[in-house]
Amino acid sequence: MTQRIALVTGGGRGLGKNAALKLASKGIGVILTWNSNEKEAQQVVDEIRQSGGKAAALSLNVGNISTFPQFVKQVQETLQTHWQSDTFDYLLNNAGVGINAPYPAFTEAQFDQLLDIHFKGPFFLTQNLLALINNGGRILNVSTGLSRFALPGYSAYAAMKGAMEVLTRYQAKELGERGITANIIAPGAIETDFSGGNVRDNAQLNAYIASQTALGRVGLPDDIGDAIAALLSDELAWMTAQRIEVSGGMFL
Ligand SMILES: NC(=O)c1ccc[n+]([C@@H]2O[C@H](COP(=O)([O-])OP(=O)(O)OC[C@H]3O[C@@H](n4cnc5c(N)ncnc54)[C@H](OP(=O)(O)O)[C@@H]3O)[C@@H](O)[C@H]2O)c1
């Protein structure tokens, strides 16, 4: 059987890295992207290869849509070189940054950066990659618990993720005729570098979130990487247009 292939944006660190490793451990080939940390992305590629898997890393700024046609060419070349394939199976739109500020103080520049990276980028990146996704393939977008509950400072970030949730339903509707599913995972607060590593490094915040979480702790990258691998498994191929929150029961 030919190897299934996933493209993971932002696969060098945090949740994307964890997902890339979990997908590779299930025998899936991985193309992961990096924006500022080539070295860390290459380390993930090396780790996958050392475990007997196949992986490659490409540079991508999801906030810069003018580069997407060139990126698509690089994906095509990578697919040919490493897999002798024209297409891939799973697209994980994971890359992102945490920018927060009180709503009254939010600047247009901050808003535009979030818009480009968290909504416009994934909207057009996915569109540019459609011809390379196999019929029967899967799109998994990444939202946040903050689209369900509100924490001060995240107005623009959460609104972009909310937009992605709506887009996910339209992707499911319009790509369904090709057998492509589109779903969106909404992690709760997870200990990564995100937002300056706040959730991981601020003990008071960490304890507060744990106290507001049914399962009694903050999320870890493994919680989300495992969930992503499960959501992309064959057993869930009939599920589409869904928002799946994976938060340990945060702010119920
Ligand atoms: N951690 C949380 O609590 C949490 C909760 C809910 C949702 N999320 C979402 O989960 C996703 C991953 O977050 P994370 O926690 O893994 O964050 P992270 O540890 O800060 O990692 C961010 C990743 O995104 C990449 N990236 C950042 N800006 C980019 C850009 N302009 N173009 C392309 N790639 C870019 C980074 O690449 P480089 O390393 O190369 O810069 C890195 O791989 C994001 O969409 C985030 O909104 C996170």
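In these legends, Ala, Val, Leu, Ile, Met, Phe, Trp, Tyr, Cys and Pro count as nonpolar, Asp, Glu, Lys and Arg as charged, and the others, Gly among them, as polar. The model is predicted, with local features needing pLDDT of at least 70 and side-chain atom pairs pLDDT 80 or more, while totals for chains, interfaces and linings use all residues. Residues are numbered from 1 along each chain as its sequence is written, and side-chain values use heavy atoms, leaving out hydrogens and water.

**View 1. The shell around the ligand.** Here 30 residues surround the ligand (a heavy atom within 4 Å). Among the closest are Arg 13, Tyr 157 and Thr 192. By class, the shell has 13 nonpolar, 14 polar and three charged residues.

**View 2. Polar contacts of the ligand.** Look for pairs of N or O atoms within 3.5 Å. One ligand oxygen atom lies 2.5 Å from a side-chain N or O atom of Ser 36. For the side chain of Asn 37 the distance from a ligand oxygen to an N or O atom is 2.9 Å, and a polar backbone atom of Leu 15 is 2.8 Å from a ligand oxygen.

**View 3. The largest cavity.** Meet a space with a volume of about 60 Å³, found on a 1 Å grid over the protein atoms alone as points where a 1.4 Å probe fits but cannot get out; the volume is that filled by probe spheres set on the points, joined across faces, edges and corners. Its lining residues (an atom within 4 Å of a point) include Thr 9, His 118 and Lys 161. They divide into seven nonpolar, four polar and one charged.

How values were computed:
Polar contact = N/O pair within 3.5 Å; in protein donor to acceptor, adjacent residues only side chain to side chain. 1 Å grid on protein atoms, 1.4 Å probe; cavity = no way out; pocket = protein on both sides within 12 Å on 5 of 7 lines; lining within 4 Å.
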